[in-house]
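Got the viewer open? Load the model below and follow along, selecting as we go.

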Amino acid sequence: MSASEFGQQFVNALGLGSIYALVAIGLAMVFGILRLINFAHGEVLMLGAFAAYYFAAAGLPFLVVVLLAVLTTVAIGLLMERVAYRGIRGAPDVALLLTSLAVSIALQNGALLAFDAQPKPFPTPAAIQEQLTVGGIQISVTNLVTVGVALLLMALLTLFVTRTRLGTAMRATAENAMAAQLMGINLSTVIVAAFAIGSALAAVAGILWGARVGRIEPLMGFIPVLKAFVATVIGGFGSIPGAVVGAYLLGFGEIYLVALLPGELSGYRDAFVFAALIVILLFRPQGILGSSEPEKI
Amino acid sequence: MASVPSVRPGATASRHRGAVPALAAVALALTLLAVFLAYADASFNGYRLQIVTLVAINATIAVALTLTSGFTGVFSLGQIGFLAIGAYVGALLNLAPQWKSEMFLPGLPGWLAAFDTTGWHPQVALLFACLVGGIVAATVATLVGMPLMRLSGHYVAVATMGFLIIVHSVANNWSGVTRGARGLSQIPSYTNVWAAYGCALVAIYAAWRLRVSPYGRAMIASRENLIAARAVGVNVHRSRMIAFVVGAFLTGAAGPLLAHQIGSVAPSAYYFTTTFNVVIMVVLGGMGSISGAVLGAAIMTLAPEYLRGVEDGMDLGPLSFGALFGLSQIILAIAFILVMIFRPQGFFGDRELGLGLLRRRGPRQDGDEAEVTPTLAPGLDVGPGDGASR
Amino acid sequence: MEALPTTDGRLDGERGERPGETALRATGVGRSFRGLHALTDYGLELRRGEILGVIGPNGAGKTTLFNVITGFVPATAGRIALGERDITGLPPDRIASLGVARTFQNIRLFGRMSVLDNVKTAQQLNRRAGFWETLVTAPTFVRKERELDSRAMGHLESLGLGRFQSALAASLPYGSQRKLEIARALATEPRILLLDEPAAGMNAQETAELTEFIREIHGRFGLTVVVVEHDMSLIMRLCQRIQVLNYGRVIAEGTPAEIRTNRTVIEAYLGTE
């Protein structure tokens, strides 16, 4: 791999990792509070991208499109929580997991019916589609924007969870839901906030994914959510900073793996990612950053 | 020693008293099934007969998942990976050698490329494929299960899902053997109702015998309370391995039945949609209930046929097959969510159809039944590596 | 009487063990959780056939001691031997199969299994059918299951739980659940029985009955018993020897009479609680 190729892939990996991070944050937030692995999060991302597609088709300016798409997915996320997840709060882990799979399948098939399986070209603004050449390295503006947006949103999120009452309540609930409730924190408010924030970030991720890939389709949420999920496992279930670190590690691992693997093996990319996931679950189930909790007998 | 109460004489005898009527009931049920199958075989059209056959194949898979996950509480999302392994093995064994060469499978070892069962009796070839498919799946399960069965709760669900993704990825990319996404076709249609129902009965029998044996008790005990199970000497890892490997064998054996029924094997048929359908069958019937799994499989195989009527009623112009398929998936997914919310124990919970009915004739014990609402796989939340077998 | 539960002559069995010999020896056993010492330099010579009481304030390390002996929590220091055999680091199910049974402070039953199956699951530790026997329902399988049935029923009857045999364990009243846990522990046919706060949640009369019951099974099965308990009446009436733990260390050891008057013990109880 030449130096310029390496640099190009570096920016590429940063971009991919940023998208994974935005998705992973939502997963980790909901998991931390509900112990729910929300597979339907990928469909939220997909619906965000489709919302942007249709708002853009209506001729609205791009920033307004993004804003409306975010509002749409927040509404979808809250509806999902209310309809599917509130009724099974506190159920065993696996029941939660299977329910989210069901929500995911219902939304996927609903989207197939509504939007058709045929991929649609994503209306990325021309300004973002350009390529810059810096010191012999080709850099796509999309990647730069992706990284910038992700960092900005993560900074805002950090401010939110450390500086606001609601943010503090969310952290307290993730730490110990029972104690937090005893302290007078309203669990439902916290859960609603987690779904709202997660969905908003997923919408942005969906738009960035659309810009990156250039087209959108109803099943597009599946792979990003699986990858984001691996990222949260790498970082330790439920830890937001861990999820972000895991997302970037995964982004880099994936990009360089594909770059280094001989062509006929690059199809096995997902197999390698999930083999790595299994290895982590076996040897460090608490994640790379997490710490294990001794079990009470 | 005089104060030691001895065993109440009738205590154990009464537990075996139900054996004769139970045996008669089973014989009657089997006879009725045989009559129905003979009737179906003779007079149903190909499509309806295929549905009847699929009920049995799905029942086999659902019973296997009940054994693997319902008894032990270790939820596997990798079951369909074993089905895929069995299906590919069966297809590669029984495809005519000239088809193997025409489809261009350079990755096949010479002996397998030349392996020719076309001269065999179809049912012998099918049985052979089922056995080999089951054995290969069980071997893979042994290797995969050794590490994975140490995990618990959603960790094991996620890790087995990883296994499914890996199998899918291999099936998609190992073109020299699997022909990639296009899959293998021209598989002779050997499967008939007798083979399919025979396989289902074997699966039901095996699961039932294990359930009422020390093995089943050990599995359920480790599901109910992992720590207490270990404290009374249950080797949790071993009993999970037995459940996982036997479940994989039965699922792997069902693979060739499916391949020889459909006529082709492609990676997309062995992925999340199928996994989810089987999970619904098991959860609907009640995790841990064999008869529940069979009922769930029957409902989940027949329901889409009826839902197709609903889909036809949609006035959206000429719908593609994909769109048709989608609506029934949506309905099933919503039904599943409703079950999770309102009846997480499914139809039967942990119990079996029939046994409970027979028992109810006898005098009821104090404090019997109904006070405990069994829910899906409790006691799973033990932690990441619960050290099931350090 | 052929189905009477016994210890299968293990008492004087293959190892030629006799009352008075060491049943369990712990030397220098320690356990720390993230730098926190739950148990430090613990030593014990448990004599075969004795009833040992372990007392101490909350958090003194009593349950940790049981967890370390039964292998649920590996010791971070020291050795534990069962008779001549070193069991340090063995997994819990191995230790159970070597003859150490326990109950739990917070009852741990197999809730959705029948009362009888709860006991059979423990009983099968020593006599169960093999895999193929099971699959083909061989006559040997049927015979072994019947034997399990009758032995398990024997244990249930001896605790007065016979009439609950087909009820789900989780549906039993609290007191019966405690008894079932003891029946289940006995069904593993142990040589050493560890009881973790068996009288928790019982009133004075129930505690007195339990005390008698423990004394009875101790005699009948030739058991060696270790009891962790807060209820002093049970400890004082039952135990021949008492160890007092505080902050993970043995601060006193002796007969009930000695412990009652021990200054360190009194301080530990009055000073910390």
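Begin with the cysteines: across all chains there are zero disulfides, a disulfide being a pair of cysteine sulfur atoms within 2.5 Å. Select C130(B) and look for its neighbour: the nearest cysteine sulfur belongs to C199(B) and is 5.6 Å away, and C130(B) is in no disulfide. C130(B) is buried at a relative accessible area of 10%, where buried means under 20% relative accessible area, exposed over 50% and partly exposed in between, with a 1.4 Å probe and protein chains only. Hop over to C239(C), which is buried too, at 5%.

A word on ground rules: this is a predicted model, where local features need pLDDT of at least 70 and side-chain atom pairs count only at pLDDT 80 or more, while totals for chains, interfaces and linings use all residues. Residues are numbered from 1 along each chain as its sequence is written, chains are lettered from A and ligands numbered from 1 in the order in which they are written, and side-chain values use heavy atoms, with hydrogens and water left out.

Next, show chain C as a cartoon and find the open sheet of four strands, ordered β2-β1-β4-β5 with antiparallel pairing. β2 (36-47) and β5 are the edge strands, each with a single partner, so one side of each has no neighbour in the sheet. Strands here are DSSP runs (E, at least two residues), numbered from the N terminus, and two of them pair if DSSP finds at least two bridges between them.

Walk across the sheet:

- β2(C) and β1(C) are joined by eight bridges; select F33(C) and you'll find L36(C) of β2(C) opposite.
- β1 (residues 22-33) meets β4 (residues 77-82) over five bridges in chain C, with R25(C) partnered by A81(C).
- β4(C) pairs with β5 (residues 85-86) over two bridges, one pair being L82(C) and R85(C).

Zoom in on that last turn: β4(C) and β5(C) make a hairpin with two residues between them, and G83(C) there has a positive phi of about 60 degrees.

Last stop, the cavities. How many of 30 Å³ or more does the structure hold? Eight, a cavity being a set of points on a 1 Å grid over the protein atoms alone where a 1.4 Å probe fits but cannot get out; lining residues have an atom within 4 Å of a point. The largest has about 100 Å³ of space, the volume filled by probe spheres set on the points. Select its lining, including Y215(B), N235(B), R238(B), Q124(C) and R128(C). α11 (214-224) and α13 (236-262) of chain B each give two or more residues.

Notes. 1 Å grid on protein atoms, 1.4 Å probe; cavity = no way out; pocket = protein on both sides within 12 Å on 5 of 7 lines; lining within 4 Å.
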